[in-house]
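Here is my note on the model you sent. The points are numbered so that you can reply to each in turn.

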Amino acid sequence: MLDLIIRHASLPDGRTDIDIGITGPTITAVEPNLAAEAAQTIDASGRLVTPPFVDSHVHLDSTLSLGMPRLNQSGTLLEGIALWGELKPTLTQQAIYDRARKLCLWSMARGTLAIRSHVDISGEHLLNVDALIQLREDLKPWLDIQLVAFPQDGYIRSKHSEPNLTRALEKGVDIVGGIPHFERTMLEGGASVRRLTKIAAERGLLVDMHCDETDDPMSRHIETLTAATVEFGLQGRVAGSHLTSMHSMDNYYVSKLIPLMAEAQIAAIANPLINITLQGRHDTYPKRRGMTRVKELLAAGVTVAFGHDCVMDPWYPLGSHDMLEVASMGLHVAQMTGVDEMRACFNAVTAAPAKVMHLDKYGIAPGNHADLVILAAADPIEAIRLRAQRLFVIRRGCILSQSPLSTAQVSFGGEAHELDFTRNNLLG
Ligand SMILES: [Zn+2]
């Protein structure tokens with residue numbers, strides 16, 4: 001007797017009419033026509049059942065602070081950083097905790113059950129670190145949160161960052177971050193990359209740096225990050241977030257850089273919603289797209305994840321922490337309209353970030369965690385097209401969130417039509 005069976009599921013890999021058996025917190029069977037009984041059965045009726053969405057790049061300490069103390073007028077990264085600097089001295093631990101917790105509830109409802117959040121350690125205090133560590137512990141049964149020690153004002157440039165990094169890591173922050181393009185000079189940016197990577201290696205931690213989030217084609221800290229990854233033996237343990245300067249780099253240079261990244265097994269995290277709005281602000285026309293070279297990185301075998309980055313904060317006034325919106329924007333900005341490319345965009349908000357975050361027992365297979373989302377869509381492409389509704393979100397075998405299929409009534413000419421918008425995938 002199983003605890004739960006989900007019948008007639010379609011899976012992201014293309015298998016259809018699959019039954020998923022769950023015992024306690026674990027998936028115990030994934031096969032057609034599972035011959036077993038269960039205490040509870042959900043009929044997926046051919047809908048897509050996917051492992052949870054994963055957001056490998058977000059800022060929980062600034063989230064939902066839009067308008068505090070004012071709005072970003074220029075829409076640039078630099079004004080956002082200045083605005084955050086104005087807000088920081090007024091923050092309280094409770095307010096940070098409450099806003100971040102609210103966003104985490106939105107995430108759970110939208111089937112995002114793992115989040116990697118950067119947390120600013122460059123201020124005078126570590127209230128945000130304390131708030132997010134508390135939140136990580138409080139939500140542990142339902143949501144995996146990883147925290148990255150992020151020196152927003154620069155690791156070398158801000159006098160607080162170096163001592164605060166040590167304190168934050170000792171408090172239990174998981175990952176070493178950085179922001180080399182915000183240091184005073186290219187040289188200091190490179191030095192910060194080496195110093196931070198070395199600290200991670202010595203402490204046995206992962207690295208995730210905001211790297212080259214600029215339109216400057218000469219911002220090449222990713223090259224230094226690649227070299228430091230190899231030097232300190234961190235292959236497969238380092239992510240470069242944003243990497244937007246790669247968009248503007250010389251093509252010959254990129255033809256050397258991408259194989260170096262693949263060799264060092266550095267993952268790339270693009271943040272399409274944010275970078276399409278922040279980057280290119282100094283351009284007239286033509287105006288550059290603000291995203292790294294997703295197709296080329298994927299073709300070279302680099303793991304590419306898409307992150308949300310900001311939700312209603314000094315850098316971005318919109319967002320609802322919907323990873324399907326992120327996948328959709330990434331698909332459009334990178335022009336990934338081929339069938340396999342659209343599937344890769346779904347992968348960029350599920351399996352790819354799970355790999356970046358080194359999540360354990362992730363995926364629909366026996367022995368893995370029973371963490372699943374049932375979507376009102378037939379497959380990953382329809383899910384992105386519709387930003388499909390999350391009908392069930394299941395965590396460790398228990399229903400964490402549930403919402404009824406929403407429909408619309410269209411009435412005209414004496415006839416009423418009930419629409420649910422799904423099952424229109426024309427690709428077969
Ligand atoms: Zn960020």
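1. A definition comes before anything else. Two strands count as paired if DSSP finds at least two bridges between them. Please also keep in mind that this is a predicted model.

2. Start with the pair formed by strands 17 and 18. Strand 17 covers residues 408-412, and strand 18 covers residues 415-419. The two run antiparallel and are joined by 5 bridges. Within this pair, Ser-411 sits opposite Ala-416 of strand 18. The two strands make a hairpin, with 2 residues between them. Gly-413 lies in the turn and has a positive phi of about 55 degrees.

3. Is strand 17 largely in the open or largely buried? Buried means under 20% relative accessible area. Of the 5 residues of strand 17, the number buried is 0, so the strand lies largely in the open.

4. Next, the open sheet. It has 8 strands in the order 6-7-8-9-10-11-12-13, and the pairing is parallel. Strand 6 (53-58) and strand 13 (304-306) stand at the edges. Each has a single partner strand, so one side of each is left without a neighbour in the sheet.

5. One pairing in this sheet can be followed by residue. Strand 11 (residues 238-242) pairs with strand 12 (residues 267-270) in the parallel sense, over 3 bridges. Ala-239 has Ala-267 of strand 12 as its bridge partner.

6. Two helices that pack on the sheet deserve a look. Helix 5 (residues 186-203) touches strand 9 (175-176) and strand 10 (206-211). The direction of helix 5 makes about 160 degrees with that of strand 10. Helix 6 (residues 221-231) touches strand 10 and strand 11. For helix 6, the angle with the direction of strand 10 is about 170 degrees.

7. Helix 6 also packs against helix 8 (residues 251-263). The angle is about 30 degrees, and the axes are 10 Å apart. That angle makes helix 6 roughly parallel to helix 8. Their crossing is left-handed. Helix 6 contributes Ile-222, Glu-223 and Thr-226 to the contact. From helix 8 come Tyr-253, Lys-256, Leu-257, Leu-260 and Met-261. By class, the residues of this contact are 5 nonpolar, 1 polar and 2 charged.

8. How accessible is Met-261? This residue of helix 8 has 0% relative accessibility and so counts as buried. Leaving out residues up to four places away in sequence, Met-261 touches Ile-222, Thr-226, Leu-243, Met-246, Ile-266, Leu-297 and Val-302. Gly-154 is 107 residues away from Met-261 along the chain, and their C-alpha atoms are separated by 24 Å.

9. Last, helix 2 (residues 93-109) and helix 3 (residues 127-138). They pack at an angle of about 40 degrees, with axes 9 Å apart. At that angle, helix 2 is oblique to helix 3. The crossing is right-handed. On the helix 2 side, the contact is made by Gln-93, Ile-96, Tyr-97, Ala-100, Arg-101 and Cys-104. On the helix 3 side, the residues include Leu-127, Ala-131, Leu-132 and Leu-135. The contact of helix 2 with helix 3 has 8 nonpolar, 3 polar and 3 charged residues.

Methods
Residues are numbered from 1 along each chain as its sequence is written. This is a predicted model: local features need pLDDT of at least 70, side-chain atom pairs count only at pLDDT 80 or more; totals for chains, interfaces and linings use all residues. Side-chain values use heavy atoms; hydrogens and water are left out. Buried means under 20% relative accessible area, exposed over 50%, partly exposed in between (1.4 Å probe, protein chains only). Helices (H or I, at least four residues) and strands (E, at least two) are DSSP runs, numbered from the N terminus. Contact means heavy atoms within 4.5 Å. Axes are lines fitted to C-alpha atoms, for helices over the stretch in contact, and angles run from 0 to 180 degrees between N-to-C directions. Angles under 35 degrees count as roughly parallel, over 145 as roughly antiparallel, 65 to 115 as roughly perpendicular and the rest as oblique. A crossing is left-handed if the near helix is turned anticlockwise from the far one by less than a right angle, and right-handed if clockwise. Ala, Val, Leu, Ile, Met, Phe, Trp, Tyr, Cys and Pro count as nonpolar, Asp, Glu, Lys and Arg as charged, and the others, Gly among them, as polar.
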